[in-house]
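Here are my notes on this one, written so you can follow along with the model open. Take the points in order and find each element as you go.

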Amino acid sequence: MDGESSGSQLKRRRKEHSAGGDRLSKLEDRALGHILSFLPAKEAARAAVLSPRWRHVFAAVHTVSLDEPEGTNTDDDDNRGYDSPSDSRRRPPPFPTAVSAAIIGRQRRRGVAPLRALRVAMECYRGHDTTTVDQSCPSPTVGSQSDDEDEDERDNHHDQRLLCDPPEYIVPRLLFSCAELRSLCLSSCRLSPPRTVTLPSLVTLLLSHVPDGSTGVKRLVAGCPRLTDLTLEMCEAVTTLTVLGGARLRRLAIRCCHNLAAVAVDSSELRTFEYRGAVPDSASFLTMHGDAGSIAYCKVDLCGTEATSEVEITNLRHLLHQFVNAKHLHLESDRLGYGFDKDVMTARFASFSGLRHLEMRGCLPNSDTGIIDAMRRVLEHTPNLEALSLAFHPQKSTKKHDAWGVYHEPDYSLEEELDAAHHLGYNRNMVLATPTAMIPCLRSKVREINLVHYHGGTAQRTLAKFLLCNAPAIDKLWCEFAKGPMWMQVQLMREIKGWLINKSANTHFA
């Protein structure tokens, strides 16, 4: 009986397979389009050849991502030297043509899904690409807001496109009235938004290398009542940023906007704050309106010269102590031994009572005594700390870029800078100090310690011994060694394990 049942099931499966049916194809177009939206546009379009069922599924894709291959962005005159018609037929279509084909391909079927995200990465922008890029922008479903612009302004915008060297793309005004747009990322182009911006569905906004000033950015943000995620990168013309009123951000990231002097934000729903730049010039750099107690993650990444004056240290204190209730604090610096130990976290302010996880990258001094004093001062102001992550150098890219975003390799190597600041050897005969400390969080709260790019220099070994010998509650240790001989890494691993009080702790070395 069982044999007959299994045989009938096998026949039924073969019949379904021969009929071309499968569970994936039985899904609705909306579900299939959502799945294909995670693929590049070319890969998603290739699904049309699977079967007649998949022929029009690309119309249900809500995210189109296209990336121009390197080396294909050449002028038309450079591509005319083909020896025969067959060579011309083998020539791939221009990248703007591929972008247009992807947009038009979604319109071949009635009831096309609204386009939520359009990502087009071009190798470089040329003046004659303006029309193609404008046509790729989604059409608004509400009236255009460009009526408030007179003919003279339109002529000036057109002349600016033609006369700017290198060419500068100006975002079409139709884009600022797209009711279905949820995510907008603009880089190296001018906004010039109209007086009234209507983006009721926009949730995520990223502006990078945008030459517009504070007025243009403020006008754009004011027209996004549902905006929850805002990122500004290298926007040198922006001097003030205000996000108050309708939009209630959940994430705000400010990176390398070096002329930004004042930020005012409604923090009632803010969960994540990220800042990269120099130490603010004013203690009132950041003003948060509302309850800031809900912020869970804060990252402060300092670049430039070390903060040494009392004014700079005071400004840094004011910035950090607005996040005393954050659960995860990430401190980073692109300079070795920046010196976060200089009374940045002092008793003048309330302790970081809500902090559970602290990350520090390149923020500790390199001396064996200074690094202990700095770490002790930090731990004394984090009474509820549970996880501590330390990276002994800033993991930064060695590339530099010019004003047009072109990257160049610097004249020095980061490894050379690291070699000068750390001892890359292991001296088994060196006697390390064993300072003891009755720090409450280290004795009873800290259960996880992570060490990144551990070189085994005197200062690092002293710090590791100090932490591990005074933390009996640790049950998880993760250590990533710098590149070096295997025998040296084995010796360092044995040494670290010997410092652990809890011998049954989960340890991982890489």
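The points below go from the whole chain to its sheets, then to a helix and a few single residues.

1. **First things first.** Keep in mind that this is a predicted model. The protein chain has 14 helices and 19 strands, so labels such as H13 or E10 are simply helix and strand numbers counted from the N terminus.

2. **The chain as a whole.** Of the 510 residues in the protein chain, 42% are buried. The chain exposes about 27000 Å², and 51% of that comes from carbon and sulfur atoms. How much of the contact comes from residues far along the sequence, 24 or more positions apart? Among contacts with a separation of 6 or more, such pairs account for 66%.

3. **The annotated stretch.** An unreviewed UniProt entry lists residues 25–58 as "domain: F-box". In the model, that span is 41% helix and 0% strand. The C-alpha atoms at its two ends lie 13 Å apart.

4. **The 12-strand sheet.** Try tracing this one strand by strand. It is an open sheet with parallel pairing, and its order runs E3-E4-E5-E7-E9-E11-E12-E13-E14-E17-E18-E19. At the edges are E3 and strand E19 (506–509), each of which pairs on one side only. From one strand to the next, the twist averages 5 degrees.

5. **A closer look at one pair.** Within that sheet, E5 and strand E7 (residues 251–255) pair in the parallel sense over 5 bridges. Glutamate 233 is a good place to zoom in: opposite it, in E7, stands arginine 255. Helix H8 (residues 214–222) packs on the sheet and touches E4 and E5. The direction of H8 makes about 170 degrees with that of E4.

6. **The 3-strand sheet.** There is also an open sheet of 3 strands, ordered E6-E8-E10, again with parallel pairing. Why do two of its strands have a side without a neighbour in the sheet? Strand E6 (240–243) and strand E10 (286–289) stand at the edges with a single partner strand each, so one side of each is left free of a sheet neighbour. Direction ignored, neighbouring strands here are turned by 10 degrees against each other on average.

7. **E10 and its two faces.** Strand E8 (residues 262–266) pairs with E10 in the parallel sense over 4 bridges. Valine 263 has leucine 286 as its bridge partner in E10, and valine 265 has methionine 288. Now look at where the E10 side chains go. Leu286 and Met288 point to one face and are buried, while Thr287 and His289 point to the other and are not. So both of those bridge partners, Leu286 and Met288, belong to the buried face, where buried means under 20% relative accessible area.

8. **A helix that is well covered.** Is H13 largely enclosed or largely open? Helix H13 (residues 458–468) has 10 of its 11 residues buried, so it is largely enclosed by the rest of the structure. Among the buried ones are Arg461, Lys465 and Phe466. The cover includes helix H10 (368–380), helix H12 (440–445) and helix H14 (486–499), along with strands E14, E17 and E18.

9. **Histidine 62.** This residue is in the loop between helix H3 (41–46) and strand E1 (63–67). Which side chain does histidine 62 make a polar contact with? The partner is the side chain of histidine 34, at 3.1 Å. Leaving out residues up to four places away in sequence, histidine 62 touches Gly33, His34, Ser37, Pro114, Leu115, Arg116 and Ala117. With a relative accessible area of 14%, histidine 62 is buried.

10. **Two unusual backbone angles.** Most residues other than glycine have a negative phi. Serine 192, however, has a positive phi of about 50 degrees. Serine 192 is in the loop between strand E3 (183–187) and strand E4 (204–208), and at 14% relative accessibility it counts as buried. Methionine 234 also has a positive phi, near 50 degrees. You'll find methionine 234 in the loop between strand E5 (229–233) and E6.

Terms used: Residues numbered from 1 in each chain as written. Predicted model: local features only at pLDDT ≥ 70, side-chain atom pairs only at ≥ 80, totals over all residues. Heavy atoms only, no water. UniProt positions renumbered as here; feature names shortened; annotations may be inferred. Pairing = 2+ DSSP bridges. Axes fitted to C-alpha atoms, helices over the stretch in contact; angles between N-to-C directions. Buried < 20%, exposed > 50% of the residue type's maximum accessible area, 1.4 Å probe, protein only. Polar contact = N/O pair within 3.5 Å; in protein donor to acceptor, adjacent residues only side chain to side chain. Contact = heavy atoms within 4.5 Å. Areas by Shrake-Rupley, 256 points an atom, 1.4 Å probe, with all protein chains shown as cover.
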